[in-house]
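Please open the structure in your viewer and keep the sequence panel beside it, so that you can select residues by number as we go. Each stop of this tour says what to select next and then what is there.

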Amino acid sequence: MADRPRDLAERMARRRKPAARASEPAGDGYLRESFTLPRAAARARAQAFFARYPKADYMSEVETWRELPGGDIEFTMRRLPSAD
């Protein structure tokens, strides 16, 4: 049992997996790319992503998105590393 909060934090840190690099799949097997672009450019980037990695083959999707105060769109695209 941990005597101090620091002991518990160190034990939890040892268990944590290292973060995946951008070219490697995350723990769930998906590759993710994040972008921050003006609305029109964001739409074009997402369309190009789906053209290159079709939803049916790569299970591609816009995982998260939000509109920033300046009007830019911040979004994360995810896909499987290869098609079956």
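How many aromatic pairs does the count come to by the rule that rings of Phe, Tyr and Trp (its six-membered ring) pair if their centres lie within 6.5 Å? The count comes to four aromatic pairs. As an example, select phenylalanine 49 and phenylalanine 50: their ring centres are 6.3 Å apart and their planes stand at 85 degrees, so this pair is edge-to-face (planes under 30 degrees apart count as stacked, over 60 as edge-to-face and the rest as tilted). The two numbers are given together because a pair of aromatic rings is described by the distance of the centres and the angle of the planes.

Before going further, note that this is a predicted model, in which local features need pLDDT of at least 70 and side-chain atom pairs count only at pLDDT 80 or more, while totals for chains, interfaces and linings use all residues. Residues are numbered from 1 along each chain as its sequence is written, and side-chain values use heavy atoms, with hydrogens and water left out.

**The aromatic cluster**

Keep Phe49 and Phe50 selected and add Tyr53 and Tyr58, since these four residues form one aromatic cluster. Phenylalanine 49 is buried, at a relative accessible area of 6%, whereas phenylalanine 50 is partly exposed, at 23% (buried means under 20% relative accessible area, exposed over 50%, and partly exposed in between, with a 1.4 Å probe and protein chains only).

Now add lysine 55, whose charged end sits over the ring of phenylalanine 50, 4.8 Å from the ring centre (a charge sits over a ring if NZ of Lys or CZ of Arg is within 6 Å of the ring centre and within 35 degrees of the ring normal). Arginine 79 is the next residue to select, and it lies over the face of tyrosine 53, at 3.9 Å from the ring centre.

**The whole chain**

Zoom out and switch to a cartoon view, where the protein chain shows three helices and three strands, running α-β-α-α-β-β from the N terminus on (helices, H or I with at least four residues, and strands, E with at least two, are DSSP runs numbered from the N terminus). Of the 84 residues of the chain, 19% count as buried.

**The sheet**

In what order do the three strands form an open sheet? The order is β1-β3-β2, and the pairing is antiparallel (two strands pair if DSSP finds at least two bridges between them). The edge strands are β1 (31-37) and β2, each of which pairs on one side only.

Select β2 (residues 61-67) together with β3 (residues 73-79), which pair in the antiparallel sense over six bridges. Within this pair, glutamate 61 has arginine 78 as its bridge partner in β3, and arginine 66 has glutamate 74. The two strands form a hairpin with five residues between them, and glycine 71 in the turn has a positive phi of about 100 degrees.

Turn next to β1 and β3, which pair in the antiparallel sense over seven bridges. Here phenylalanine 35 has phenylalanine 75 as its bridge partner in β3, while threonine 36 stands opposite glutamate 74 in β3. If you colour β3 by accessibility, you will find this strand mostly covered, with six of its seven residues buried.

**The helix across the sheet**

Select helix α2 (residues 39-52), which lies across β1, β2 and β3 and runs at about 5 degrees to β3 (contact means heavy atoms within 4.5 Å; axes are lines fitted to C-alpha atoms, for helices over the stretch in contact, and angles run from 0 to 180 degrees between N-to-C directions).

Within helix α2, pick arginine 39, which is partly exposed with a relative accessible area of 42%. Arginine 39 is in contact with Glu67, Gly71 and Ile73, leaving aside its neighbours within four places in sequence. Draw a distance from arginine 39 to aspartate 72: they are 33 residues apart in sequence, and 5.9 Å apart in space, C-alpha to C-alpha.

Which residues does alanine 42 touch, not counting residues up to four places away in sequence? Alanine 42 touches Leu37, Ile73 and Phe75. This alanine 42 is also in helix α2, and at 6% relative accessibility it counts as buried. As a last selection, take the C-alpha atoms of alanine 42 and glutamate 74, which are 32 residues apart along the chain and separated by 8.2 Å.
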